[in-house]
Amino acid sequence: MGFLLYLIVGGIIGWLAGLILGKDIPGGVIGNIIAGIIGAWLGGAIFGDWGPDVAGIPIVPALIGSLVLVFILSLILGSMARGRRNS
């Protein structure tokens, strides 16, 4: 049950990051889960484990990390798309 809750919380965090930035995360639900989990790891590494914790994921650092990840990912994918259109 803990792993399933971890995936759900990761998906919600990834979805919130995309929603806040107004960017679609490639891969739909799976992309949201991956962005949320990687963002949680990134946020935890940068900001530590402070704030409320759900399923072992500190919410505030995870959301900040996911925002950073989605922003960087959108820049990379946007530049790749522009490069393809110019070719």
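The accessible surface of the protein chain comes to about 5400 Å², and 73% of that area belongs to carbon and sulfur atoms. Accessible areas here come from the Shrake-Rupley method with a 1.4 Å probe, and for residues only the protein chains shown count as cover. Please note that this is a predicted model, in which local features need pLDDT of at least 70 and side-chain atom pairs count only at pLDDT 80 or more, while totals for chains, interfaces and linings use all residues. Residues are numbered from 1 along each chain as its sequence is written, and side-chain values use heavy atoms, with hydrogens and water left out.

Of the 87 residues of the protein chain, 28% count as buried. By buried I mean under 20% relative accessible area; exposed is over 50%, and partly exposed lies in between (1.4 Å probe, protein chains only).

I turn to the overall fold. The protein chain has three helices and two strands, and along the sequence their pattern reads α-α-β-β-α. These elements are DSSP runs numbered from the N terminus, helices being H or I with at least four residues and strands E with at least two. The C-alpha trace spans about 45 × 25 × 20 Å along its principal axes. Among contacts between residues at least 6 apart in sequence, 58% join residues at least 24 apart, where contact means heavy atoms within 4.5 Å.

Next, the surface. Which residues make the nonpolar surface patch? They are I20, L21, V68, F71, I72, L73, L75, I76, L77 and M80, and the patch measures about 830 Å². Patches are made of residues with over 30% relative accessible area and no salt bridge; like charges are joined within 9 Å, and nonpolar side chains (Val, Leu, Ile, Met, Phe, Trp, Tyr) within 5 Å. A salt bridge is a side-chain nitrogen of Lys or Arg within 4 Å of a carboxyl oxygen of Asp or Glu. Helices α1 (2-21) and α3 (59-86) each supply at least two residues of the patch, and α3 gives the most, with eight. One of the patch residues, F71, lies in α3 and counts as partly exposed because its relative accessibility is 43%.

Now the helix packing. Two packed helices are described by the angle between their axes and the distance between the axes. The axes of α1 and α2 (residues 28-47) come within 6 Å and cross at roughly 95 degrees. The two helices are therefore roughly perpendicular. On the α1 side the contact involves Y6, L7, G10, G11, I13, G14 and W15, and on the α2 side N32, I33, A35, G36 and I37. Axes are lines fitted to C-alpha atoms, for helices over the stretch in contact, with angles from 0 to 180 degrees between N-to-C directions. Angles under 35 degrees count as roughly parallel, over 145 as roughly antiparallel, 65 to 115 as roughly perpendicular, and the rest as oblique.

Is N32 buried or exposed? N32 counts as buried because its relative accessibility is 16%. Not counting residues up to four places away in sequence, N32 touches G10, G11, G14, W15 and I25.

S66, in helix α3, is buried at 0% relative accessibility. With the same sequence neighbours left out, S66 touches I13, A17, A35, G36, G39 and A40. F47, in helix α2, is 19 residues from S66 in sequence and 12 Å from S66 in space, C-alpha to C-alpha.

Finally, A55 lies in the loop between β1 (53-54) and β2 (57-58). Its phi is near 55 degrees, a positive value in a residue other than glycine.
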